[in-house]
Amino acid sequence: MTEETPGFEEKPDVPSDAAAPDDAAQGAGSAEKADPAAPAGDAQQDIALTAQLDQARTALNERTSDLQRLQAEYQNYRRRVERDRAAVKEIATANLLGELLPVLDDIGRAREHGELVGGFKSVAESLETVAAKMGLQQFGKEGEPFDPLVHEALMHSYAPDVTETTCVSILQPGYRIGERTIRPARVAVAEPQPGAQAKSDEGAADADGADEESGGPKEG
């Protein structure tokens, strides 16, 4: 029989790499202490992303403003070029038609004297048609009020039947293109008689005085 040694008990074999319960508890506690740091890291990351987003928005707004400014400058440039182009075209047309005015004057005189006949008439009418298509307009009529902006007075006289300075004869018609006057109408003007206006004013005053003395005009 085997003799048992008193005071010694056999213990089960425990692997050497097994962690003690206390060590496991400490590990769990340290893990719990490390978890609160995770939300703080996410918050810092969100703040960094928000700052980057703000910077991107600021850059986008700046680029958009630059693009809008460039677009406005380009539109102004286009309008200025188109305006200058139209002005150059109008000036060139006016210069060309200005050289043809003496020819048109000759055609007008020939028409007045009945000499515009045959082939000459056909050519003259074709020339006038082309000039009209290019925007040439003739102006100046007898009986219209004298306007120094569009009329050039070459002759002056007095007439009892006018109440203001009036064009009584068109010596040379005027021509314009749009609002541009190529040549003013050369006219003879007539003004009222120096004493005619005063006499008419005195007559009107006498008539008014007679009406007041008689108690007003009689009703029919």
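1. In what order do the three strands of the open sheet stand, and is their pairing parallel or antiparallel? In this predicted model, the open sheet of three strands follows the order S1-S4-S5, and the pairing is antiparallel. Strand S1 (136-139) and strand S5 (180-183) stand at the edges of the sheet and have a single partner strand each, so one side of each is left without a neighbour in the sheet. From one strand to the next, the twist averages 35°.

2. The chain that holds this sheet contains four helices and six strands, and along the sequence these follow the pattern α-α-α-β-β-β-β-β-β-α. Of its 220 residues, 15% count as buried. Among the contacts in the chain with a separation of 6 or more, 66% are accounted for by residues 24 or more positions apart.

3. The pairing of S1 with strand S4 (residues 174-177) deserves a look at the residue level. The two strands run antiparallel and are joined by four bridges, and in this pairing Phe139 stands opposite Gly174 in S4.

4. On the other pairing in the sheet, S4 and S5 are matched in the antiparallel sense over three bridges, with Tyr175 standing opposite Arg183 in S5. The hairpin that S4 and S5 form has two residues between the strands, and in that hairpin Gly178 takes a positive phi near 65°.

5. Gly135 is a useful residue to inspect next. Gly135 lies in the loop between helix H3 (118-133) and S1, and its relative accessibility of 24% is the reason why Gly135 counts as partly exposed. When residues up to four places away in sequence are not counted, Gly135 touches Arg176, Ile177 and Gly178, the last of which is the residue with the positive phi in the hairpin of S4 and S5. Gly135 and Tyr175 are 40 residues apart in sequence, while their C-alpha to C-alpha separation in space is 10.0 Å.

6. Is Thr93 buried or exposed? Thr93, which is found in helix H2, has a relative accessibility of 16% and therefore counts as buried, given that the cut-off for this class is under 20%. Not counting residues up to four places away in sequence, Thr93 touches Met134 and Ile177. Ile177 is also among the residues that Gly135 touches, and Ile177 thus links the description of helix H2 with that of the loop between H3 and S1.

7. The largest pocket has a volume of about 410 Å³. Of the 17 residues that line this pocket, the closest to its centre are Leu104, Gly108, Gln138, Pro173 and Tyr175. The elements that give two or more residues to the lining are helix H2 (37-112), H3, S1 and strand S3 (166-172).

8. Which element gives the most to the lining of the largest pocket? Helix H2 does, with six residues. By class, the lining is made up of eight nonpolar, four polar and five charged residues. Tyr175, one of the residues closest to the centre of the pocket, is also the residue that stands opposite Arg183 in the pairing with S5, and a reader who inspects the pocket may therefore wish to keep the sheet in view as well.

Technical notes: Residues are numbered from 1 along each chain as its sequence is written. This is a predicted model: local features need pLDDT of at least 70, side-chain atom pairs count only at pLDDT 80 or more; totals for chains, interfaces and linings use all residues. Side-chain values use heavy atoms; hydrogens and water are left out. Two strands pair if DSSP finds at least two bridges between them. Axes are lines fitted to C-alpha atoms, for helices over the stretch in contact, and angles run from 0 to 180 degrees between N-to-C directions. Buried means under 20% relative accessible area, exposed over 50%, partly exposed in between (1.4 Å probe, protein chains only). Contact means heavy atoms within 4.5 Å. On a 1 Å grid over the protein atoms alone, a cavity is a set of points where a 1.4 Å probe fits but cannot get out, and a pocket is an open set with protein on both sides within 12 Å along at least five of seven lines; lining residues have an atom within 4 Å of a point. Grid points are joined across faces, edges and corners, and a volume is the space filled by probe spheres set on the points. Ala, Val, Leu, Ile, Met, Phe, Trp, Tyr, Cys and Pro count as nonpolar, Asp, Glu, Lys and Arg as charged, and the others, Gly among them, as polar.
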